Amino acid sequence: MTSPKHTLQDKMVESNPSLESEINSARINALELKLETLSIITESLWNLLEDSGLDPKPDLKNEMAKVISDRGKRDAITVHCPACYSQEKANAGYCQTCGESLNYSGDISPFDY
């Protein structure tokens, strides 16, 4: 007995991506677009610095190191949730356990969200 032949339509059905992979593909495309946008913004800011007569090259590495250090310090700040008392990162904004607002009174960078 010979095995049944698959039609072209059967093969197309077998190769259709699942809904999850379509969603992941859309998310990847959105992230790639955001990355490209950020790259364009960064290059534009770099050009503006050079056009204004500033030499960003020596200062960029120092500034990057400072930003990395500052982010690490901000990320290390913790608070206790007023509702469930779990310890949370202050820059989270909301308790990861119960969802309560943390109402942190310190400075939170807009880049931490």
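1. Starting with the loop serine: setting aside neighbours within four places in sequence, Ser86 is in contact with Val79, His80, Cys81, Cys95 and Thr97. Keep in mind while looking at this that the model is predicted. Ser86 itself sits in the loop that runs between strand E1 (78-80) and strand E2 (87-89). Among its partners, Thr97 deserves a second look, since the two side chains make a polar contact at 3.4 Å.

2. Is Ser86 buried or exposed? Its relative accessible area is 16%, so it counts as buried, the cut-off being under 20%. For context, 11% of the 113 residues of the protein count as buried, so Ser86 belongs to that fraction.

3. Now step back one residue. Tyr85 lies in the loop between E1 and E2 as well, but its relative accessibility is 62%, so it counts as exposed. Its backbone is worth a click too: phi is positive, about 65°, although Tyr85 is not a glycine. So along this loop you go from an exposed Tyr85 to a buried Ser86.

4. Which other residue has a positive phi although it is not a glycine? That would be Asn103, with a phi of about 50°. You'll find Asn103 in the segment after E2. At 61% relative accessibility, Asn103 counts as exposed. If you're going through the backbone angles anyway, Gly53 also takes a positive phi, about 95°, just after helix H2.

5. Glu100 is in the segment after E2 too. Not counting residues up to four places away in sequence, Glu100 touches Cys81, Pro82, Ala83, Gly93, Tyr94 and Cys95. Take Pro82 from that list: Glu100 and Pro82 are 18 residues apart in sequence, while their C-alpha atoms are 7.6 Å apart in space. Even with those contacts, Glu100 has a relative accessible area of 36% and is therefore partly exposed. Cys81 and Cys95 turn up here among the contacts of Glu100, and both are also on the list for Ser86.

6. On to the helical part. H2 covers residues 19-51. How far apart should its ends be? With 33 residues at 1.5 Å a residue, H2 should span 48 Å, and the end C-alpha atoms are indeed 48 Å apart, so expectation and model agree.

7. H2 also holds Ile41, which helps make a nonpolar surface patch. Together with Leu38, Leu45 and Leu48, Ile41 forms a patch of about 400 Å². Why would residues spaced like this end up on one side? In an α-helix there are 3.6 residues a turn, so residues three or four places apart point the same way. Ile41 has a relative accessible area of 42%, so it is partly exposed, and patch residues need over 30%.

8. Finally, the overall picture. There are 3 helices and 2 strands in the protein, and they follow the pattern α-α-α-β-β along the sequence. Of the contacts between residues at least 6 apart in sequence, 8% join residues at least 24 apart. The accessible surface comes to about 9700 Å², with 58% of it belonging to carbon and sulfur atoms.

Definitions and conventions: Residues numbered from 1 in each chain as written. Predicted model: local features only at pLDDT ≥ 70, side-chain atom pairs only at ≥ 80, totals over all residues. Heavy atoms only, no water. Patch = residues over 30% accessible without salt bridge, like charges linked within 9 Å, V, L, I, M, F, W, Y side chains within 5 Å. Areas by Shrake-Rupley, 256 points an atom, 1.4 Å probe, with all protein chains shown as cover. Salt bridge = Lys/Arg side-chain N within 4 Å of Asp/Glu carboxyl O. Helix = DSSP H or I, 4+ residues; strand = E, 2+ residues; numbered from the N terminus. Buried < 20%, exposed > 50% of the residue type's maximum accessible area, 1.4 Å probe, protein only. Polar contact = N/O pair within 3.5 Å; in protein donor to acceptor, adjacent residues only side chain to side chain. Contact = heavy atoms within 4.5 Å. Expected span 1.5 Å × (residues − 1).
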